[in-house]
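Hi,

Here is the structure I promised to send over. Have a look at it first, and then read on for what turned up.

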Amino acid sequence: MSSKSIHESLAKAILYNSLSESTISRNPLRVVTDTSILDADAFQELSALPLVAKPDVLLKRRGKLGLVLAGESLEETKAWLKARVGTSFQVGRVTGTLSRFLVEPFVPHEQSEEYYICLYTERESNVILFHHEGGVNVGAVDEKAKRFEIPVSTMLSKEAASQPVCTPDELLESSLFSDVEDMQKRRILAEFVVDLHRVFDKLHFTFLEINPLVVCGWTPCGGTKSDSLFVHILDVAAKLDQCAEFLFSANSLWSPQGQSLEFPFPFGRIQTPEEAHIAELDARTGASMKLSVLNPNGRIWTMSAGGGASVIYADTVCALAEQVKQEQGKGNGASDLANYGEYSGAPSEGQTYEYAKTILALMTRGNPHPNGKILLIGGGIANFTNVAATFKGIMRALMEFKSELQRHTVRIFVRRAGPNYQEGLRIMRELGLTLGIPIHVFGPETHMTAIVSMAFGLRSIVSSKFDQKTGTEALMSATTGNCDTTLNETVEHTVSNGFGARTHQLFHSHSRCIVWGLQVKAVQSMLDFDYASHREAPSVAALVYPFSDPHNVKVYWGSSEIFLPVYKTLNEASTSSPDAEILINFGSLRVAYDVTMEAISLDPVGPTNNQNGSCNGLSNESQFKCIAIIAEGIPEQMTRRLICRAKQRNVLIIGPATVGGVKAGCFKIGNTGGMVDNILSTQLYRPGSVAYVSRSGGMSNELNNIISKNSDGVEEGVAIGGDRYPGSTFLDHVLRFEANPQVAMIVLLGEVGGIEEYAIAEAVKSGRIRKPVVAWCIGTCAQLLAGSAESIQFGHAGACANSIRETATAKNAALSAAGVHVPSSFDNLDAVIRQVFDSLVQSGKWVPKPDTKPRPVPLDYSWAKELGLIRRPAAFTSTICDDRGSELLFAGIPISQVITEDLGIGGVLGLLWFKRRLPSYMAKFLELCLVITADHGPAVSGALNTIVTARAGKDLLSCLTAGLLTIGDRFGGALDGAARQFAAAFDAGLSPAEFVASERKASRLIMGIGHRVKSITNPDMRVHLLSDFVHQHFPATPLVDYAFAVEKVTTSKRPNLILNVDGMIGVAMVDLLRHSGQFSRQEAEEYVNIGTLNGLFVLGRSIGFIGHYLDQKRLHQGLYRHPWEDISYVIPELSADNDHKENSN
């Protein structure tokens, strides 16, 4: 929901902060959420004034409900508030908590000084409503108020000229204030409204109502002044465009005076912990996750994929539940629906697992229902989501709740399609046998909502007939061109169908486009469609990517590799591709507006020819005749400006928030139509006779499927986008379809919110549309669910009814009354389409178009590999880390868990070095080793090399490398050698003396024994610290004890032959690996042999080497030259005889 209500206190604070008009009285206000703050000093400022107190919880008609205290003292106000803050209050069927109150000065005034003002947005203008009588008894203000419109075109032109979009004189010249008799007040009101509109537009308000607005001589500072008038904003209701939030994150315009921006739930609606969890999950991922709990005790739960599909499932459940209640007296009707929500946007396995687990936890809470419970796992046909992959997360959750699902007698109905759906449905069906509960599984051969009527017993549960080939077999079949045909290929198509003259088409078989954004997968999808459709050349002319230099990107045309140019700017791309008339804008919500405005402003590179071949050099036309905007979340104010500018330049916009559109056999936008197998199964590679327009992009694939199974297929389909103000309307496209002689009938899928469907009804009634239209508006559940659905966002930003007229039920009724074919529910939309199409054919008005064979499209390598179709040896293997998912994994543990559980460096070493989570004492020992080996002064060889290299002016990496290269058996690298040497002697049963003797006899040094400085009389404290820790925490220390026994033998011969740090860490690590219980003996030996122990010294000493590098850089030390006196020059002297011999030679 783009347009969201805010608290009155925040609305007033925003207005007080942003309004510049001097007549505004910025009355102090206080928010009370806890009675304890009533005694705070902040309230003492109001002690001398009469006060107003009222709830600030999005509750309407507070005065008539007895919830406003006016004109009382501070003490009386405190007492009134203490009796009400935090209490429950019921309004109709809704009960909520009065958790927040607003306190401000009472403004003494006369009834005649009250006015009504309201500003709101429409598609092509901002509207100002004004009535000279305000207050609680204003009545039907829409009928009585004066109206003043400021067209978006006017705002654009005046902004370009740096002029105010509206002036007081313009308002005064209109009839807006004609009923205000006092000319001074009329001028004050005009100046205030102009300033109010400036703030309204600048801060992206979508609705702002002030009732009453008072103009009087009173101020809270000085009482009544007869010589001045002030404007007081008494009661405010306001909505902001949530999509514009990113524009104000760096300033305080939406959060003045330190107030945090909050979009509260409607009165009586409290977010549950589960809803909050899913909202947090949604915020952390690029996928979409939504959940609203409608009735925690409901017996029908949904897990829907896709925004449009989720609404349709909710609609169908509510409609059929009411039908069962009325006809059979069973159930509770629509209130049996327990939840509303959706997951979409290719969520990962982990994300779908979390989503499913949350729903299952809610579903299995409490006592079992006597009639059991139903879980509907449904969705349309996915565009690019691997269905089998997303099902894996759901299956994990189902397995986890196995016993609870059995206890609640849950029946599961699954309907899904899209990439790899066969494999997903197969594993889901097999899961039913494992869980011991019925799981009924269906694919695209079954109407999307048929599982709902099956669940209610209104339709027989038939054995699924979905293609039970594996996903790999089905895809291989599809990509070799062996697709089924549904129509007689010998029937010839007749162009003259009596439905109007030929008209200019938006897309045709030679359409070319430019793609903004480096969306190579989407481009490849378009080219695969082109190739299958027998196009002569690719539809993509070029790409634009401003974040890299111009280059070429490799794609495939069938099995041939081709290159497409990638330009840095749109102007360069359009200049090089003058035949590209379509722009597909994949820019993010932050840049999509600017990209589209630039595209609209581009003039044709040269004379362009229209369909009749004549030159069309109109200066008001853009190079692009169509721009598709894919991004969601573009602020409404920006979209309305795009619409206006596009209209001026004769550009048709599809979107924002769209998947695009398709003209079968000719052109498709981006990911529309899904992957190759779906394009082939729905026969989009050749034209049919049915055109459709939908708001939902996700449902466009489902419409492709429904239409292909109930007619001769799709001629053209467009998803206009789910925003409140889409760039093009239903009527724009339906009129194109009406004028297209290749279209026999039209399908429209509307939804709750907006009034665009009424334009279709009027056009049908007036005869502008004469072709048969089948239409259905989704979102009928909103009225059936009543108050429980008041704050739910149904699928899209525009899917919210602001009046009865905008409800899906009202629009369906209006369409039906106009003569449109409207099914009783989406559940029989397919039957109505078939009935209408068959009647056209049977009456002889239409001849079905013949089927053709597509060109076989080779399978994409990456997709084939994901499906397991091919094997290829990997060049590298990693078993410790995985960065492919939504979150980095260390040995299978998410990085967030590593941080939240404070595993530390030792814990990370355990995961990345040993591939397991180590006990805390082991992790602590590893950290202790790093601390102890971090540095041993500047004189040791590694540190000295680092210092000398740093003084030579080298970079950090070079200096660190110079130090690390000295590590070996003689310096720091003795850990592995010591571990092996001591362990071999111990395992051989040699006594310490025998071990020392054998090494002396073999002329071998004992690694880990001896120190140049430390001795038995000057012990190494580092060894002592390690020894204390080891003996205190290790389960067993046989090799450590053996090493200290060896030390006694060696120090008896020479006092500096002590067990050094290298030896101590080496033998301690062997004891740790062998006796901690975490490793097998074989693993323990392997870790020693592959150099793991030396890794500790390398990692630890790197800390010190970097420290020495930084130290030298801070000291600005110059190039080092070693002094001569510290070098012994021993140069051989050559005799005269030797010189003679050299010369003779």
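A definition to begin with: a patch here is made of residues with over 30% relative accessible area and no salt bridge, and nonpolar side chains are joined into one when they lie within 5 Å. Please keep in mind that this is a predicted model.

With that in hand, look at the nonpolar surface patch of about 500 Å² that Trp1124, Ile1127, Tyr1129 and Ile1131 make. Trp1124 sits in a loop, with helix H38 (1092-1115) on one side in sequence and helix H39 (1136-1144) on the other. Its relative accessibility is 57%, so Trp1124 counts as exposed, the cut-off for that being over 50%.

Asn705 makes a nice contrast to look at. This residue belongs to helix H20 (residues 698-710). Asn705 counts as buried because its relative accessibility is 5%, and buried means under 20%. Leaving aside residues up to four places away in sequence, Asn705 touches Ile381, Arg415, Pro444 and Thr682. Asn678 is 27 residues from Asn705 in sequence, and their C-alpha atoms are 8.6 Å apart.

A word on confidence, too. The average pLDDT of the chain is 89, and 92% of the residues score at least 70. Residues 608-618 stay under 50, and the model gives them ten contacts beyond four places in sequence. Residues 795-801 also have a pLDDT below 50, with 32 contacts in the model beyond near neighbours in sequence. Where pLDDT is low, predicted coordinates should not be read in detail.

Happy viewing, and best wishes

Notes: Residues are numbered from 1 along each chain as its sequence is written. This is a predicted model: local features need pLDDT of at least 70, side-chain atom pairs count only at pLDDT 80 or more; totals for chains, interfaces and linings use all residues. Side-chain values use heavy atoms; hydrogens and water are left out. Patches are made of residues with over 30% relative accessible area and no salt bridge: like charges are joined within 9 Å, nonpolar side chains (Val, Leu, Ile, Met, Phe, Trp, Tyr) within 5 Å. Accessible areas come from the Shrake-Rupley method with a 1.4 Å probe; for residues, only the protein chains shown count as cover. A salt bridge is a side-chain nitrogen of Lys or Arg within 4 Å of a carboxyl oxygen of Asp or Glu. Helices (H or I, at least four residues) and strands (E, at least two) are DSSP runs, numbered from the N terminus. Buried means under 20% relative accessible area, exposed over 50%, partly exposed in between (1.4 Å probe, protein chains only). pLDDT is the predictor's confidence in each residue, from 0 to 100. Contact means heavy atoms within 4.5 Å.
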